[in-house]
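Here are a few exercises to help you find your way around a new structure. Try each one yourself before reading the solution.

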Amino acid sequence: MDRPEELTDPQRFDEIMERINTKLAISAIPLRERALMAQALLEDELDYDIAEDDSVYPLTVEWYRKTFPGERI
C-alpha cells in the first residue's frame, strides 16, 4: 500500500492534525492520549493502514510537541 501524501507533506499533515486535535480537545482528552488516539483518526481520515507504518506515531507525537511546546506528552 502506498503511503498517503498527507503523511509526507508537512502542510497537509498539519491540516489533518489540526482537525483531529480539535475533535479530541473538545473532549478534554490529555495530550498523551490525544497523540495515541490521533493515529486511529488518521487511519480513518486517510483510509490508510497505520499499523503497517511504524513511523506514524513518532510523527504525531512530534506534531503535538511542536504545537504544544509547554505541555508534557
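Before we start, one bit of vocabulary: a helix axis here is a line fitted to C-alpha atoms over the stretch in contact, and angles run from 0 to 180 degrees between N-to-C directions. Also keep in mind that this is a predicted model.

**Exercise 1.** Work out how α2 is oriented relative to α3, and which residues meet.

*Solution.* Start with the geometry: α2 covers residues 31-46, α3 covers residues 56-67, and they pack at an angle of about 130° with axes 9 Å apart. Next, sort that angle: over 145 degrees would be roughly antiparallel, and 65 to 115 roughly perpendicular, with the rest oblique. So α2 is oblique to α3. As for handedness, the crossing of α2 past α3 is right-handed. Now look at who touches whom: α2 brings Leu31, Arg34, Ala35, Leu36, Ala38, Gln39 and Leu42, while α3 brings Val56, Tyr57, Thr60, Val61 and Tyr64. Sorted by class, the residues of this contact are 9 nonpolar, 2 polar and 1 charged.

**Exercise 2.** Do the same for α1 and α3: what is their orientation, and what makes the contact?

*Solution.* Here the axes come within 11 Å and cross at roughly 75°. That angle falls in the 65 to 115 range, so α1 and α3 are roughly perpendicular to each other. On the α1 side you'll find Phe13, Asp14, Met17, Glu18, Asn21 and Leu24, and facing them from α3 are Leu59, Thr60, Trp63, Tyr64 and Thr67. The tally for this contact is 6 nonpolar, 3 polar and 2 charged residues.

**Exercise 3.** Find which residues touch the most other members of the largest nonpolar core.

*Solution.* First, a general idea: nonpolar side chains tend to be buried together in soluble globular proteins. The largest core in this model has 18 residues, and those touching the most other members are Leu7, Phe13, Met17, Ile20, Leu42, Leu46 and Tyr64. α1 (10-26), α2 and α3 each chip in at least two residues. Now zoom in on isoleucine 20: leaving out residues up to four places away in sequence, it touches Ala38, Leu41, Leu42 and Glu45.

**Exercise 4.** Decide whether aspartate 47 and alanine 51 are buried or exposed.

*Solution.* Locate them first: aspartate 47 is in the loop between α2 and α3, and alanine 51 lies in the loop between α2 and α3 too. The cut-off for exposed is over 50% relative accessible area. Aspartate 47 has 67%, so it's exposed. Alanine 51 has 71%, so it counts as exposed as well. One extra detail: aspartate 47 isn't a glycine, yet it has a positive phi of about 50°.

Conventions. Residues numbered from 1 in each chain as written. Predicted model: local features only at pLDDT ≥ 70, side-chain atom pairs only at ≥ 80, totals over all residues. Heavy atoms only, no water. Helix = DSSP H or I, 4+ residues; strand = E, 2+ residues; numbered from the N terminus. Parallel < 35°, antiparallel > 145°, perpendicular 65-115°, else oblique. Left-handed = near helix turned anticlockwise from the far one by under 90°. Contact = heavy atoms within 4.5 Å. Nonpolar A, V, L, I, M, F, W, Y, C, P; charged D, E, K, R; others polar. Buried < 20%, exposed > 50% of the residue type's maximum accessible area, 1.4 Å probe, protein only. Core = buried A, V, L, I, M, F, W, Y, C linked by side-chain atoms within 4.5 Å.
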